[in-house]
Every structure is written in C-alpha cells, then in structure tokens.
Amino acid sequence: MDMNTLPTSPQPAGITDHNSWNTSSATTGNILGEHHLVDQPRKVQQIELTYARTAKKLDVKRLKSHMWTEIEQAEANTKQLRLSDLCSRIPAMLPKTIAENISVPICFICLLHLANEKVLKIESEQMSDCTVQTELLYM
C-alpha cells in the first residue's frame with residue numbers, strides 16, 4: 001500500500017457524489033429517504049416582564065463605603081443589622097441622584113461584595129431578610 005494514498009470511505013446509499021446533489025423539491029425526497037424530522041416546538045404565550053429599560057448609573061464604590069460605615073456603627077453598638085434596615089438607611093446618606101437608583105437587589109449585591117472583602121457573616125433563616133455581622137469565620 002502506498003503511504004501517500006489514503007483509503008476512501010464508501011459513499012452512503014443513494015448518494016453517488018456530493019458535488020452532484022440537487023436541492024430541487026423533486027429530488028429532496030430521495031435524499032431524505034424515510035427519515036423523520038422533529039416536530040416544531042410548541043410555542044408559549046409571551047409573558048410581559050417589568051424591568052428597567054434604561055441603564056442605571058451608580059457609584060458602587062461610594063455606596064459600598066456608606067454601607068460599610070453603617071455596618072461598623074451597628075457593630076459598635078452591638079446591634080444586629082438587617083439588610084432591610086441597611087436599605088432603608090442608605091438613601092438618606094447619599095446624594096439624591098445616587099439614592100434614586102438604589103434598589104434592594106443592588107444593595108444585596110454590594111453587601112455580597114463587602115462580605116467578600118471584609119469577611120462579613122450573612123445569615124438568613126427564611127430568605128426574606130438577612131442579618132449582617134462582622135465576625136471572623138476562621139481562627
């Protein structure tokens with residue numbers, strides 16, 4: 001056997017040369033043969049979701065700084081701080097333009113960032129509100 005010549009695979013049944021395929025409707029049935037195609041998926045009714053249509057501009061660094069100040073003050077007073085309390089206090093501390101764009105999900109995301117940076121402990125029992133503590137998780 002010559003090393004420069006590769007063996008060729010046999011052509012599938014019903015197809016003689018891939019360059020000679022004719023896509024006209026008369027021959028398409030011959031190419032597909034008895035293959036069954038998958039049915040079109042069932043369409044569901046479109047659901048209207050309410051979400052912000054414009055991007056909000058927010059100084060996250062400033063928001064996190066104010067949140068951290070509140071957390072430290074609550075910890076100094078040995079008070080438990082809840083996310084709902086934090087979300088209600090923060091807008092009063094910030095300029096009006098920033099305060100208008102703050103929402104609970106944004107506060108929660110910033111709290112998660114702070115928890116990662118400052119080693120905070122976040123606990124929740126019913127997933128409706130959570131408690132924030134400045135405890136070392138490792139010793």
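Helix axes here are lines fitted to C-alpha atoms over the stretch in contact, and the angle between two of them runs from 0 to 180 degrees between N-to-C directions. With that in hand, the helix packing in this predicted model can be read off pair by pair.

Start with helix H2, residues 60–76, which packs against H3 at an angle of about 120 degrees, the two axes lying 10 Å apart. Angles of 65 to 115 degrees count as roughly perpendicular, so with its angle of about 120 degrees the H2 and H3 pair is classed as oblique. As for handedness, H2 and H3 make a right-handed crossing.

H3 also meets H5. The axes of these two helices come within 10 Å and cross at roughly 110 degrees, and that makes H3 roughly perpendicular to H5. Here too the crossing is right-handed.

Now for the strands. Three of them form an open sheet, ordered S1-S3-S2 and paired antiparallel. S1 (81–82) and S2 (121–123) are the edge strands, each with a single partner, so one side of each has no neighbour in the sheet. In general, the strands of a sheet pair through backbone hydrogen bonds, in either a parallel or an antiparallel fashion. S3 covers residues 131–133 and runs antiparallel to S2, with three bridges joining the two. Within this pairing, Glu123 sits opposite Thr131 of S3.

That leaves the empty space. Rolling a probe the size of a water molecule over the atoms shows where such space is left. The largest pocket holds about 160 Å³. Two helices, H3 (83–93) and H5 (104–118), each give at least two residues to its lining, and the largest share, three residues, comes from H3. So what does the lining of the largest pocket consist of? Leu83, Ser84 and Cys87 are on the list, as are Val104 and Phe108. The rest of the lining is Ile122, Ser124, Met127, Ser128, Asp129 and Cys130. Sorted by class, the lining has seven nonpolar residues, three polar ones and one charged one.

Put together, H3 is a recurring player: H3 packs against H2, crosses H5 and supplies the largest share of the lining of the largest pocket.

Definitions and conventions
Residues are numbered from 1 along each chain as its sequence is written. This is a predicted model: local features need pLDDT of at least 70, side-chain atom pairs count only at pLDDT 80 or more; totals for chains, interfaces and linings use all residues. Side-chain values use heavy atoms; hydrogens and water are left out. Two strands pair if DSSP finds at least two bridges between them. Helices (H or I, at least four residues) and strands (E, at least two) are DSSP runs, numbered from the N terminus. On a 1 Å grid over the protein atoms alone, a cavity is a set of points where a 1.4 Å probe fits but cannot get out, and a pocket is an open set with protein on both sides within 12 Å along at least five of seven lines; lining residues have an atom within 4 Å of a point. Grid points are joined across faces, edges and corners, and a volume is the space filled by probe spheres set on the points. Ala, Val, Leu, Ile, Met, Phe, Trp, Tyr, Cys and Pro count as nonpolar, Asp, Glu, Lys and Arg as charged, and the others, Gly among them, as polar. Angles under 35 degrees count as roughly parallel, over 145 as roughly antiparallel, 65 to 115 as roughly perpendicular and the rest as oblique. A crossing is left-handed if the near helix is turned anticlockwise from the far one by less than a right angle, and right-handed if clockwise.
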